[in-house]
Amino acid sequence: TVDLYFNQGFFTKLDMHQINNHMQIFEIELRALFKHPHPHIKLSIPDIKNTEDFSYINKEFRYKFQELYNEKLKIGIDCNTEFSLNNIDQFRNYSHCLINLDAGYDIFKPKDIYHMSYLKKYSEINNINYRRQKEVYVKGKDLDDLKFFKKMIYRGFKRYVVKEELFDLYK
């Protein structure tokens, strides 16, 4: 999964203003990313703080991709902000959801990664996306813990973004 981003100093934020001001940079990134098409490349929009920004950015990227390649681009949402994690049901027109466990841990502040309320929150996000027939991907360092990974499988998660060196652990 690839996240599109623009970094200004130490603060990463992708919003309507960044898209308008820096579309040439994003166009270069899109060209580089799709120079050789690959079916497993997924684009996700990170750091979303409201549905309006997401809708605008999604529309602009899809329009630019259509202009460049005469194809439709599927874009997902990266659930890595408090708003996106708590309001996934308010978003429209996305192809997949990428749950960022590292950001979720910092936002939800669970007693531990096995705490029922922590796991339940992710299950709710998964269920909303399941009903909408959207793919859900999970990434984050909590997946390094085999017990947690098994709990996520038990809760119905099927797609993971994991470190290559941990492939043997997940067999």
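User: Buried means a relative accessible area under 20%, and exposed means over 50%. In this predicted model, is Asp47 buried or exposed?

Analyst: Asp47 sits in the loop between β4 (43–45) and α2 (51–69). Its relative accessible area is 17%. The cut-off for buried is under 20%. Asp47 therefore counts as buried.

User: What is the phi of Asp47?

Analyst: Most residues other than glycine have a negative phi. Asp47 is not a glycine, yet its phi is positive. The value is near 55 degrees.

User: Which other loop position, between α3 (82–86) and β6 (96–100), deserves a look?

Analyst: Look for a positive phi in a residue that is not a glycine. One such phi is about 55 degrees. The residue in that loop is Asn93.

User: Is Asn93 buried or exposed?

Analyst: The relative accessibility of Asn93 is 56%. Exposed means over 50%. Asn93 therefore counts as exposed.

User: Let's step back to the whole chain. How many helices and strands does the chain have?

Analyst: Read along the sequence, the pattern is β-β-β-α-β-α-β-α-β-α-α-β-α-β. Count each α as a helix and each β as a strand. The totals are six helices and eight strands.

User: What share of the residues counts as buried?

Analyst: The chain has 171 residues. A residue needs a relative accessible area under 20% to count as buried. The share that does is 43%.

User: What part of the exposed area comes from carbon and sulfur atoms?

Analyst: The chain exposes about 10300 Å². Carbon and sulfur atoms supply a share of that area. That share is 50%.

User: What share of the contacts joins residues 24 or more positions apart?

Analyst: Take the contacts in the chain with a separation of 6 or more. Among these, pick the pairs 24 or more positions apart. They account for 61%.

User: Now the helices. How are α5 and α6 placed to each other?

Analyst: Two packed helices are described by the angle between their axes and the distance between the axes. Helix α5 (residues 116–131) and helix α6 (residues 146–154) have axes 11 Å apart, at an angle of about 45 degrees. That angle falls between 35 and 65 degrees, so the helices are neither roughly parallel nor roughly perpendicular. α5 and α6 are therefore oblique.

User: Which residues of α6 make the contact with α5?

Analyst: The crossing of the two helices is right-handed. On the α5 side, the contact is made by Tyr118, Leu119 and Tyr122. By class, the contact has five nonpolar, no polar and one charged residues. On the α6 side stand Phe148, Lys151 and Met152.

User: How is α4 placed to α5?

Analyst: Helix α4 (residues 101–108) packs against α5 with the axes 11 Å apart. The angle is about 125 degrees. Roughly antiparallel needs over 145 and roughly perpendicular stops at 115, so neither label fits. That makes α4 oblique to α5.

User: Which residues of α5 meet α4?

Analyst: α4 passes α5 in a right-handed crossing. From α4 come Leu101, Gly104, Tyr105 and Phe108. The residues of this contact divide into five nonpolar, one polar and one charged. The partners in α5 are Tyr118, Lys121 and Tyr122.

User: Back to single residues. Which residues does Gly140 contact, leaving aside neighbours within four places in sequence?

Analyst: Gly140 lies in the loop between β7 (135–139) and α6. Its relative accessible area of 19% makes it buried. Its C-alpha atom is 8.3 Å from that of Ala103, 37 residues away along the chain. The contacts of Gly140 are Leu101 and Asp102.

User: Which residues does Asn80 touch, not counting those up to four places away in sequence?

Analyst: Asn80 is in the loop between β5 (75–79) and α3. Its relative accessible area is 16%, so it is buried. Asn80 touches Pro46, Asp47, Ile48, Asn100, Ala103 and Ile107.

User: How far apart are the C-alpha atoms of Glu135 and Cys97?

Analyst: Glu135 lies in strand β7. It is partly exposed, with a relative accessible area of 26%. Beyond its neighbours up to four places away, Glu135 touches Lys42, Ser95, His96, Cys97 and Arg159. Cys97 is 38 residues away along the chain, but the C-alpha separation is 6.3 Å.

Conventions. Residues are numbered from 1 along each chain as its sequence is written. This is a predicted model: local features need pLDDT of at least 70, side-chain atom pairs count only at pLDDT 80 or more; totals for chains, interfaces and linings use all residues. Side-chain values use heavy atoms; hydrogens and water are left out. Helices (H or I, at least four residues) and strands (E, at least two) are DSSP runs, numbered from the N terminus. Buried means under 20% relative accessible area, exposed over 50%, partly exposed in between (1.4 Å probe, protein chains only). Contact means heavy atoms within 4.5 Å. Accessible areas come from the Shrake-Rupley method with a 1.4 Å probe; for residues, only the protein chains shown count as cover. Axes are lines fitted to C-alpha atoms, for helices over the stretch in contact, and angles run from 0 to 180 degrees between N-to-C directions. A crossing is left-handed if the near helix is turned anticlockwise from the far one by less than a right angle, and right-handed if clockwise. Ala, Val, Leu, Ile, Met, Phe, Trp, Tyr, Cys and Pro count as nonpolar, Asp, Glu, Lys and Arg as charged, and the others, Gly among them, as polar.
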